[in-house]
Structure formats: structure tokens, C-alpha cells
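Hello,

Here is the structure I said I would pass on. My notes on what was found in it follow below.

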Amino acid sequence: TFKVLDGGYAKDENHAYFQYEKAGWLDTVTLETLGENLLKDKNGVYFRKSRIYAADSNTITVLNDYFSKDKDHVYFENKKIIDADPQTFTTAGEFYVKDKNQVYLNGDPLSGADAATFEEIGYMTGKDKNSVYFYDEKIEGADPKSFKILQNGFSKDKNSVYISGFELEGADSKTFDIINEKYSKDKNFVYVIDRKINGMDPATF
């Protein structure tokens, strides 16, 4: 009667298990996994080993591996997100989520972000009508209209080149080109990741 479930859980007719250890807090008869990390039984809703005490088991739904919502609240892991609106709450990509009022990252509001126009555009990168964000910080001076994601952590807009959210000082956006995983160049310089290589001719590199 042993049955393997999602997220490291399993059960038999007598016990539930989490990562091969007995999970005595779970009811085996009504146990149901809702995703990789979320599950419920007749007593409540759980994120991995932690109960989400405010969650309504009848209306709980999974948004991604870390976010869920019910008719009343939104949750990051096992914590309720204060003031989040469950009716409009949705994923904006792999990393960011939002509702009608706010953008969130890891359950925390993304300061200054405009929820109506925010979109995730790449790895840990998003933009709205006003700004571009890498993780939870604005990329200072970045132009959201012309901003685009390149390869190997690089991005650029009409004015500048960026790597992991920081400006690549002196790089020429118009001629910047990625050569491979290690090297890139523009009309003036050759770069190894984020460092200029002095004495190398980009025209012949």
C-alpha cells in the first residue's frame, strides 16, 4: 500500500512520510499533494513540514513552487502576505508575482514597481513603464523601452550595457557583441566577463 507522492512525501495505510521520516502530523486517509511543496489533509494546509494556519483547504490553489492562495489570502511558503489581493494575484514569470496593487519578490513588495505594467523579461529581471529591476533593485539609469536581455548575464538598452544588473562602464551599447561565454567586445574594447582587456584590438579579435 506504499505510495510515493510529490515533494518528498509518501504514505501507506498507517503512516505518512516526509523525506523517509514519519510525518505524524498528517492524516493518511485525506492526505493530498497540491504541488511540489504544498499539501493538505482534513486538518489543514502545509508547506513542506510547516502548517499554513490561515489557509482554507477548500479553496487553496498553487501558483508556483513557493506561492499559493485561497479565497481570502495569499501565501509565500507558509507565511501570509499582508494586504495581497487573492482575486488578482498571479505570477508575472518564474520569479516575480503581482496583484492589482503591488509586485512581489520572495513574498516582499518590490518597492516602486508599477503592477499594471510590470513584466518579467529574464532571469531575475523585470521592468515596468518607469524602471528596470534586477532581483529587488532598480537598475539605475536603465531605459525600460529599449532594454533587452542578452546572453551570459548581459543586457543592454539604447545607452548602456549591463551585467547582472550593473553597468559595464565604458561599453558601447550600439556595437556591443557577445563572442562566447567568456568574451565580449564593442568597437573600442574586448572584455573578459566584466573586465576590459588592455591592448587587444576588437576589430581583429
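On the surface of this predicted model, Ile179, Met200 and Phe205 form a nonpolar patch. Together the three residues have about 220 Å² of accessible area. Phe205 sits in the segment that follows strand S28 (195-197). Phe205 counts as partly exposed because its relative accessibility is 34%, and the partly exposed range runs from 20% to 50%.

Nonpolar residues also occur in the interior. In soluble globular proteins, nonpolar side chains tend to be buried together. In this chain the largest nonpolar core has 11 residues. Its members are Ala92, Phe95, Tyr96, Val103, Leu105, Leu110, Ala113, Ala115, Phe118, Met124 and Tyr133. Another core, of nine residues, lies apart from that one, and Tyr9, Ala16, Leu26 and Leu39 are among its members.

Ala115, which belongs to the largest core, can be followed further. If neighbours within four places in sequence are left aside, Ala115 is in contact with Lys98, Asp99, Lys100, Asn101, Gln102 and Val103. Of these contacts, Val103 is also listed in the largest core.

Next, Arg48. Arg48 is located in the loop between strand S7 (44-47) and strand S8 (50-51). With 35% relative accessibility, Arg48 counts as partly exposed. Its contacts, again without neighbours within four places in sequence, are Tyr9, Phe18, Asn37, Leu39 and Tyr66. Two of those residues, Tyr9 and Leu39, are among the members of the nine-residue core. Glu36 is 12 residues away from Arg48 along the chain, and 8.7 Å separates their C-alpha atoms.

As for the chain as a whole, its secondary structure consists of 28 strands and zero helices. The C-alpha trace spans about 70 × 35 × 15 Å along its principal axes. The radius of gyration is 23 Å, whereas a compact globule of 205 residues would have one near 17 Å.

How much of the chain is buried? Of the 205 residues, 44% count as buried. The chain exposes about 11,800 Å², and 44% of that area is supplied by carbon and sulfur atoms. Among contacts in the chain with a separation of 6 or more, 21% are between residues 24 or more positions apart.

Regards

Methods
Residues are numbered from 1 along each chain as its sequence is written. This is a predicted model: local features need pLDDT of at least 70, side-chain atom pairs count only at pLDDT 80 or more; totals for chains, interfaces and linings use all residues. Side-chain values use heavy atoms; hydrogens and water are left out. Patches are made of residues with over 30% relative accessible area and no salt bridge: like charges are joined within 9 Å, nonpolar side chains (Val, Leu, Ile, Met, Phe, Trp, Tyr) within 5 Å. Accessible areas come from the Shrake-Rupley method with a 1.4 Å probe; for residues, only the protein chains shown count as cover. A salt bridge is a side-chain nitrogen of Lys or Arg within 4 Å of a carboxyl oxygen of Asp or Glu. Helices (H or I, at least four residues) and strands (E, at least two) are DSSP runs, numbered from the N terminus. Buried means under 20% relative accessible area, exposed over 50%, partly exposed in between (1.4 Å probe, protein chains only). A nonpolar core is a set of buried Ala, Val, Leu, Ile, Met, Phe, Trp, Tyr and Cys residues joined through side-chain atoms within 4.5 Å. Contact means heavy atoms within 4.5 Å. The radius of gyration is taken over C-alpha atoms; the globule rule is 2.2 Å times the number of residues to the power 0.38.
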